[in-house]
Amino acid sequence: MEFQIGPIRPPSEANSLLLRVTENCPWNKCKFCMLYKTKQFHTRTVEEIKKDIDAMAYYRDEIQKYNNSGTFNIPEIQKEFDNLSTNAEKECYYMVFHWLTEGNCEAIFLQDANTLVLKT
């Protein structure tokens, strides 16, 4: 299972789970930023976002199988990680693992460049 991860995140969100709800930047005129210059802004559909949330929940549940009262069985998690078939899956799995072990398990950062353009 894979979910989308945007290209950047603020340093303050290093331990947050990243949920991409838009792609690219609606302004895209900053002189200092070259990240989105060749890409057009668009919002992701609710279905796409729900699919990503489901993938995150799947990995969370898989990793939590190896959690024994706050202690993770790292060799088993590593074995499961190694059996993932694509680099994208591994990146997604690792992000959820990092969030569970290093994050506060509550912080989710809504990506991409400006999610405030969305309607609530």
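Helices and strands here are DSSP runs, helices of at least four residues and strands of at least two, numbered from the N terminus. By that assignment, R44 falls in the loop between strand 3 (42-43) and helix 1 (46-64). The model is predicted. It has three helices and six strands, and along the sequence these follow the pattern β-β-β-α-β-β-α-α-β.

**Overall build**

- The C-alpha atoms fill a box of roughly 50 × 30 × 25 Å, taken along the principal axes.
- Of the 120 residues in the protein, 33% are buried.
- Among contacts with a separation of 6 or more, 65% are between residues 24 or more positions apart.

**R44 and E23**

- R44 has a relative accessible area of 8%, and is therefore buried, the limit being under 20%.
- The side chains of R44 and D52 are joined by a polar contact of 2.6 Å.
- Leaving aside residues up to four places away in sequence, R44 touches Q4, R20, V21, T22, E23, I49 and D52.
- E23, one of the residues that R44 touches, belongs to strand 2 (residues 22-23).
- E23 is buried as well, with a relative accessible area of 14%.
- A polar contact of 3.3 Å links the side chain of E23 to that of Q4.
- With residues up to four places away in sequence again left out, the residues touched by E23 are Q4, Q40, F41, H42, R44 and D112.
- Q4 is thus on the contact list of R44 and also on that of E23.

**Helix 1**

- Helix 1 has 19 residues and reaches 26 Å from its first C-alpha to its last, which is close to the 27 Å expected at 1.5 Å a residue.
- I49, D52, A55, M56, Y59, E62 and I63 are the buried residues of helix 1.
- These buried residues lie on the same side of helix 1, because they cover an arc of only 150° around the axis.
- In general, an α-helix has 3.6 residues a turn, so residues three or four places apart point the same way.
- V46, E47, K50 and K51 are exposed on the other side of helix 1.
- The elements against which the buried residues of helix 1 pack are strand 1 (17-20), strand 4 (67-68), strand 5 (71-72), helix 2 (74-82) and helix 3 (87-101).
- Two of the buried residues, I49 and D52, are also touched by R44.

**Aromatic residues**

- The whole structure contains five aromatic pairs.
- One of them is Y59 with Y93, an edge-to-face pair with 5.5 Å centre to centre and 80° between the planes.
- Y59 is in helix 1 and Y93 in helix 3, so this pair ties together parts that are 34 residues apart in sequence.
- Y59 is buried at a relative accessible area of 1%, and Y93 is buried at 2% relative accessibility.
- Y93 also pairs with F81; this pair is tilted, with 5.9 Å centre to centre and 55° between the planes.
- F81 is in helix 2 and Y93 in helix 3, so the pair of F81 and Y93 ties together parts twelve residues apart in sequence.
- Y58, Y59, F81 and Y93 make up one aromatic cluster.

**Charges over rings**

- The charged end of K90 sits over the ring of F81, 5.6 Å from the ring centre.
- F81 is also a member of the aromatic cluster.
- The charged end of K29 sits over the ring of W27, 4.9 Å from the ring centre.

**Backbone with positive phi**

- Most residues other than glycine have a negative phi.
- N24 is not a glycine, yet has a positive phi of about 80°.
- N24 is in the loop between strand 2 and strand 3, and is buried with a relative accessible area of 6%.
- S69, also not a glycine, has a positive phi of about 55°.
- S69 is in the loop between strand 4 and strand 5, and counts as exposed at 74% relative accessibility.

Note on methods: Residues numbered from 1 in each chain as written. Predicted model: local features only at pLDDT ≥ 70, side-chain atom pairs only at ≥ 80, totals over all residues. Heavy atoms only, no water. Buried < 20%, exposed > 50% of the residue type's maximum accessible area, 1.4 Å probe, protein only. Polar contact = N/O pair within 3.5 Å; in protein donor to acceptor, adjacent residues only side chain to side chain. Contact = heavy atoms within 4.5 Å. Expected span 1.5 Å × (residues − 1). Arc of directions from axis to C-beta. Phe/Tyr/Trp six-rings, centres within 6.5 Å; stacked < 30°, edge-to-face > 60°. Lys NZ or Arg CZ within 6 Å of the ring centre and 35° of its normal.
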